[in-house]
Amino acid sequence: MKAKKKRLLFLLAVAILLFLLIFWLNPTVFARDGLLTRLPVDDYLVQWDAGSTRRHDADIDTLWLFCISSGDVSVQREEMYEGYDVEVEQVLPFLYRWKRSFNDTIFRVTVGDRKYYFTIVST
């Protein structure tokens, strides 16, 4: 009986931890070799410092966005402080994807009223 209670408490703790982790990392953009660096901002006039950005493979062409939100999702690539719309495809209810060209390194992701910068720097 005690073993069943311990197992149930362990599974409950793992479920709560997973739930908190998903909401702490929400939204998350990732590629096949890892997560992109995220910076929440109030507006897109904030200067981005790419020095602390995670490095990724140079041949990454598809980026994925995991976002649990009822708000609209839009993605723009940034070039010289201007945002240009990117075509985003919704794959599953909380999963989106878009194509990246080699020179695209900074993306503006808007989820409802929240704004984020995501960066990908190739090695």
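Strand β10 (residues 106-111) has six of its six residues buried, so the rest of the structure largely encloses it. Buried here means under 20% relative accessible area, exposed means over 50%, and partly exposed lies in between, using a 1.4 Å probe and protein chains only. Before you dig in, note that this is a predicted model: local features need pLDDT of at least 70, side-chain atom pairs count only at pLDDT 80 or more, and totals for chains, interfaces and linings use all residues. Residues are numbered from 1 along each chain as its sequence is written, and side-chain values use heavy atoms, with hydrogens and water left out.

**The overall picture**

- The protein has one helix and 12 strands; helices (H or I, at least four residues) and strands (E, at least two) are DSSP runs, numbered from the N terminus.
- Starting at the N terminus, the order of elements is α-β-β-β-β-β-β-β-β-β-β-β-β.
- Of the 123 residues in the protein, 30% are buried.
- Among contacts with a separation of 6 or more, 67% are between residues 24 or more positions apart, where contact means heavy atoms within 4.5 Å.
- The accessible surface adds up to about 8500 Å², and carbon and sulfur atoms own 60% of that; the areas come from the Shrake-Rupley method with a 1.4 Å probe, and for residues only the protein chains shown count as cover.

**Strand β10 and its partners**

- In a regular strand the side chains alternate between the two faces of the sheet.
- On β10, I106, R108 and T110 point one way while F107, V109 and V111 point the other way, and all are buried.
- On one front, β10 runs antiparallel to strand β6 (residues 73-79), joined by five bridges; two strands count as paired if DSSP finds at least two bridges between them.
- Within that pairing, V111 of β10 sits opposite V73.
- β10 also runs antiparallel to strand β11 (residues 114-119), this time with six bridges.
- Here V109 has Y116 in β11 as its bridge partner.
- β10 and β11 make a hairpin with two residues between them, and G112 in the turn has a positive phi of about 65 degrees.

**The five-stranded sheet**

- These strands belong to an open sheet of five, ordered β3-β11-β10-β6-β7, with antiparallel pairing.
- The edges are β3 (37-41) and β7 (82-85), each with a single partner strand, so one side of each has no neighbour in the sheet.
- From one strand to the next, the twist averages 30 degrees; axes are lines fitted to C-alpha atoms, for helices over the stretch in contact, and angles run from 0 to 180 degrees between N-to-C directions.
- β3 and β11 are antiparallel and share five bridges, with V41 standing opposite K115 in β11.

**Salt bridges**

- Side chains of opposite charge can pair when their charged atoms come close.
- The count is two salt bridges, going by a side-chain nitrogen of Lys or Arg within 4 Å of a carboxyl oxygen of Asp or Glu.
- One of them pairs the side chains of R108 and E78 at 2.9 Å, N to O.
- That pair ties together distant parts of the chain, with R108 in strand β10 and E78 in strand β6, 30 residues apart.
- R108 counts as buried at 10% relative accessibility, and E78 counts as buried at 15%.
- The side chains of E89 and R97 also meet in a salt bridge, at 3.1 Å, N to O.
- E89 is partly exposed with a relative accessible area of 41%, and R97 is partly exposed with 29%.

**The β8-β9 hairpin**

- Strand β8 (residues 89-92) is home to V91, which counts as partly exposed at 34% relative accessibility.
- Setting aside neighbours within four places in sequence, V91 is in contact with W64, Y96 and R97.
- V91 and L65 are 26 residues apart along the chain, and their C-alpha atoms are separated by 9.9 Å.
- β8 pairs with strand β9 (residues 95-99) in the antiparallel sense over three bridges, and Q90 has Y96 in β9 as its bridge partner.
- Two residues link β8 to β9 in a hairpin.

**A nonpolar patch**

- L9, L12, I16, F19 and L20 make a nonpolar surface patch of about 530 Å².
- Patches are made of residues with over 30% relative accessible area and no salt bridge, joining like charges within 9 Å and nonpolar side chains (Val, Leu, Ile, Met, Phe, Trp, Tyr) within 5 Å.
- L12 lies in helix α1 (residues 2-24) and counts as partly exposed at 48% relative accessibility.
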